[in-house]
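Please open the model in your viewer and keep the selection tool at hand, since this tour goes from one selection to the next. At each stop, select the residues named and then read what is there.

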Amino acid sequence: MCASHVKKVQAQYSNPLNFILHPIRLKLILASVTAAVGSMLTLVPLIAITWVISTIFTEVTTLGGSQQGDDKILWMMLLSIGCLLLGMLLLTVSELIAHLADHEITGQLQSKITQHLTQVPLGWFTGRSSGEVKQIMQDDIGLLHSLTAHFYPAVGRAFGTISVAVIFLLMMDWRMAILALLPFLGFVIFLRKAMRASGNNIQQFATQLGQINSATVEFIHAIPIVKTFGKTGQASQGYQQAVHSFADVFRIFTRPLVKSMAHAHAMISPITILGVVLLSGTLLISLGWLKPINLLPFMLITPTICAPVLLLHTLLHDLQASQAAAQRILALLDTPVLPMAKGNPQLQIKDSSIDFHQVSYGYTAQHQVLSDLNFSLKSGTITAIVGPSGAGKSTIAQLLLRFFDPVAGKIMLGGVDLRDIQTTTLYQQIGFVLQDTRLIHASVRDNIALGRPNANQQEIENAAKAANIHDRIMALPQGYQSIVGKDAQLSGGERQRISIARAILLDPPILVLDEATAAADIENEIAIQDALSKFAQGRTLLVIAHRLDTIMNADQILVLDQGKIVEQGTHEALFAQQGLYHQLWSYTEKHVHTQMGEASC
Ligand code: ADP
């Protein structure tokens, strides 16, 4: 790793927000500076009013008014109007610059994330919920929007107003300025106290929050039990305990926080500020250090500092949330990608055979799930993989579909390494029906035609008929145009038959079925098995099945245990061996008979 790369990674993790916003940094600085100058200019009329009043007062008391004095006042008013208009224009320009910069960065990030998501291994998605990806794509980018589009101009505005106001007050009378600004010091002291108070209990608060969240989920899952046993039951006790503990911790957490925050906010309310100005002013006037007319600027200008100080406080709070959002975005962009195959015209897929050569795989470096697997699926044959739960059967299916790449060894399709086959070509060759059937929120027709959007209605209906789902679709209110989840509420087995129709329409020479009947009831299972056996004819088929009776006729059966093939052969040969395969059969028969016995009782 070169030194510049190390530096880049360090920068990325020490300040994720800076790293993400680096490309638009200059624009954001420009937006802040423009907003600062704009807000300084908008304060000029207020300063001018104090000047005009004191000028009138001085002239009336000393000279009794003059033409020269009137001209000066007129010019000052014109200057104020000019400054106000220019200030407002600059504030608008600042917002515009920030929004354009925001548009640029969120657009770049969205396309970078989308591009990255197309390259991460498909297996990455199976390990997380769509909510997690949505949070980054929508919520976190939304948070960055509020930061880039609003934070920088607002910080500029706040600093502009505060600095002009403070400088002006110091120039008017530094002693009075110090006294008038004391409440702001009080605000900072109380704020620090509030942060210390919340910091002491935040860990306990976060733990309790986590506990109440999981207790709520458990409680919702247990609602049928709660309803059955009513108030006297045990089911809601855990939830009630969590609620009470959370209420206690919440009280401990919020009491000192709310008290200090209330004091802090009271410190910088305009009424407090005005009160302090009047009191200090009276004191200084009585000491002869301040002329009464010079109290006016303090009464007008000091309260204008309150709003920007409160705004800065809120913005700094938002900044913390944006740091966390930036961290999540960077972590997503850091997810390792699957190397893209270039597609070598020299490498021709010669048939639909599959070869696993010394394949090993582990989801983590510590836990090897598959070790040194060697087996072949001849073109046009059926291979079944059986074995205890957790043996690694689904992992084999996922490797064959290139959801991940093996950590060692290679998988060949028709003599070509999967890593050298382009994704589109790979999925034209291999169709799959997995345990977890996903349908999209679109019409049934579009769900079937997902891999071949140009298929005509006849082809789609033929695929649905072959998958034994056509009649069910025709019974839906809008037939093939029914929207899944809206017009069509489909059972697990029906969803699987739609995904089988999807695979049939693609007509791939190789098919991977991973516990394709897992979500089906008995009626559906017969329909699915029937559809699959018709479709499997003449194709290379890899079946991962729990029901051993469905794969008795396979050309070869691989028995997997703890990531290794321990037996291999036909049903008859394996059964005669009296090994693990035989044990699995005995277990299945016992299990089925027990269930049948229970059912007949
Ligand atoms: P089978 O299909 O034989 O039941 P799997 O291939 O699903 O077994 O799982 C094999 C092992 O890999 C199990 O120990 C399982 O816990 C682990 N495993 C499966 N999927 C993941 C994943 N996404 N992340 C981490 N470990 C996993």
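The stops below cover the nonpolar cores, a pair of helices, a loop serine and two residues with positive phi. Keep in mind throughout that this is a predicted model.

**The nonpolar cores**

Begin by selecting Ile 20, Leu 21, Met 176, Phe 184, Ile 305 and Ile 329, which are the residues with the most contacts inside the largest nonpolar core, a set of 64 residues. Then add helix H6, residues 130-172, which supplies the largest share of this core with 15 residues. In soluble globular proteins, nonpolar side chains tend to be buried together. Now centre the view on Ile 305 and show what surrounds it: leaving aside residues up to four places away in sequence, Ile 305 touches Ile 162, Ala 165, Val 166, Leu 169, Leu 181 and Phe 184. A second core, separate from the first and made up of 44 residues, can be found by selecting Ala 467, Leu 513, Leu 532 and Ala 545, which are among its members.

**A pair of helices**

Next, select helix H16, residues 457-466, together with helix H18, residues 492-506, whose axes come within 8 Å and cross at roughly 125°. At that angle H16 is oblique to H18, and the crossing of the two is right-handed. To see the contact itself, display Glu 459, Ile 460, Ala 463, Ala 464 and Ala 466 in H16, which meet Ala 501, Ile 504 and Leu 505 in H18. The residues of this contact divide into seven nonpolar, no polar and one charged.

**A loop serine**

Move on to Ser 443, in the loop between strand S6 (430-433) and helix H15 (444-448). Is Ser 443 buried or exposed? Its relative accessible area is 5%, and Ser 443 is therefore buried. Extend the selection to Tyr 480, Gln 481, Ser 482 and Ile 483, which Ser 443 touches when residues up to four places away in sequence are not counted. Gly 479 is 36 residues from Ser 443 along the chain, and the C-alpha atoms of the two are separated by 9.2 Å.

**Two residues with positive phi**

Finally, select Asp 372 in strand S2, residues 370-377, where phi is near 50°, a positive value in a residue other than glycine. Asp 372 is partly exposed, with a relative accessible area of 47%. For the last stop, go to Gln 562 in the loop between strand S9 (556-561) and strand S10 (564-569). Phi of Gln 562 is near 45°, a positive value in a residue other than glycine, and at 66% relative accessibility Gln 562 counts as exposed.

Methods. Residues numbered from 1 in each chain as written. Predicted model: local features only at pLDDT ≥ 70, side-chain atom pairs only at ≥ 80, totals over all residues. Heavy atoms only, no water. Core = buried A, V, L, I, M, F, W, Y, C linked by side-chain atoms within 4.5 Å. Buried < 20%, exposed > 50% of the residue type's maximum accessible area, 1.4 Å probe, protein only. Helix = DSSP H or I, 4+ residues; strand = E, 2+ residues; numbered from the N terminus. Contact = heavy atoms within 4.5 Å. Axes fitted to C-alpha atoms, helices over the stretch in contact; angles between N-to-C directions. Parallel < 35°, antiparallel > 145°, perpendicular 65-115°, else oblique. Left-handed = near helix turned anticlockwise from the far one by under 90°. Nonpolar A, V, L, I, M, F, W, Y, C, P; charged D, E, K, R; others polar.
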